Amino acid sequence: MRRFVVLGHRATTSPEFSLDDLSGATGRLDILLRCINSSFFLSHSIRKDVEIHLILQGPPSPTKTIRFVGSELKYLNPDERSTAALIRSSLSQRAEGEKKTSPGIYMSSRKYSDVISLLAKDSQIYYLKEQGHDVRRLPSFEQDITFVLGDDRDLTPEEEQVLFEYDPIEVSLGPESLHADHCITIVHNELDRRLEKN
Ligand SMILES: C[S@@+](CC[C@H](N)C(=O)[O-])C[C@H]1O[C@@H](n2cnc3c(N)ncnc32)[C@H](O)[C@@H]1O
């Protein structure tokens, strides 16, 4: 299973947002929507072996975590507006623990540190960071892996500290600073190529 955790540093936790202004008043929810697309969409199908955890840390009631599970997704389309509507519907529901809000979509009030702690139990954590080890020089990847990345902002020193408790491998995807969704596409491509060779 490939997992991605994207920190939405100021992404809205309110369902009261307009689908006509996804990059403005939503705290850059548009970035997270593009990350969903990069995580799941192939030309003619959806990647089943993928999960993405979006950590929404903006006002008014942080934290909300929305988890998308590729093997269960039913109503995901490539247009970001319809995915934003699914997120809006999730945020309008009350969750005790983690609640399924649509096929393959789960919402909880789990904080970033809780999410990482859960994922680190059964997967190696990779921290996507410009200054990390070149992805092309890493000898191998485990079957169950989690990649953590920022939205349009890097992880704060406090968020990095949480991650460092789990001995992450810091990975660079190249010399340029990339958009978060592009990072996900490149990670998939690197892993796909390695699978092809095996
Ligand atoms: C748009 S970047 C964040 C801001 C960016 N670091 C800057 O200086 O403008 C989003 C996230 O993608 C990841 N990222 C971007 N470029 C990367 C690269 N070359 N290698 C690995 N991760 C990268 C990092 O996790 C980063 O926090």
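Ala, Val, Leu, Ile, Met, Phe, Trp, Tyr, Cys and Pro count as nonpolar, Asp, Glu, Lys and Arg as charged, and the others, Gly among them, as polar.

The model is predicted: local features need pLDDT of at least 70, side-chain atom pairs count only at pLDDT 80 or more, and totals for chains, interfaces and linings use all residues. Residues are numbered from 1 along each chain as its sequence is written, and side-chain values use heavy atoms, with hydrogens and water left out.

**Exercise 1.** Describe the shell around the ligand by class and by secondary structure.

*Solution.* Begin with membership: a residue is near the ligand if one of its heavy atoms lies within 4 Å of it. The shell has 17 residues, of which Leu128, Glu130, Asp154, Glu176 and Leu178 come nearest. Next, sort by class: six are nonpolar, four polar and seven charged. Finally, assign elements, where strands (E, at least two residues) and helices (H or I, at least four) are DSSP runs numbered from the N terminus. Strands E6 (124-134), E7 (145-150) and E8 (169-172) each supply at least two shell residues, and E6 has the largest share, with three.

**Exercise 2.** Identify polar contacts of the ligand and state how much of its area is buried.

*Solution.* A polar contact with the ligand is a pair of N or O atoms within 3.5 Å. Consider backbone atoms first: an N or O atom of Glu176 lies 2.7 Å from a ligand nitrogen, and one of Lys129 lies 3.3 Å from a ligand nitrogen. Then turn to side chains: a polar atom of Asp154 lies 2.7 Å from a ligand oxygen. Taken alone, the ligand exposes 560 Å², and the protein buries 82% of that; the areas come from the Shrake-Rupley method with a 1.4 Å probe.

**Exercise 3.** Characterise the two largest pockets and locate the ligand.

*Solution.* On a 1 Å grid over the protein atoms alone, a pocket is an open set of points where a 1.4 Å probe fits, with protein on both sides within 12 Å along at least five of seven lines; lining residues have an atom within 4 Å of a point. The ligand takes the space of the largest pocket, the criterion being that more than half of its atoms lie within 2 Å of the grid points. This pocket holds about 350 Å³, a volume being the space filled by probe spheres set on the points, joined across faces, edges and corners. Its lining has 22 residues, with Leu128, Glu130, Asp154, Leu178 and Cys183 nearest the centre; E6 gives the most, five residues. The second largest pocket, of about 270 Å³, is lined by 13 residues, and helix H5 (180-197) supplies the largest share, three.

Conventions. Polar contact = N/O pair within 3.5 Å; in protein donor to acceptor, adjacent residues only side chain to side chain.
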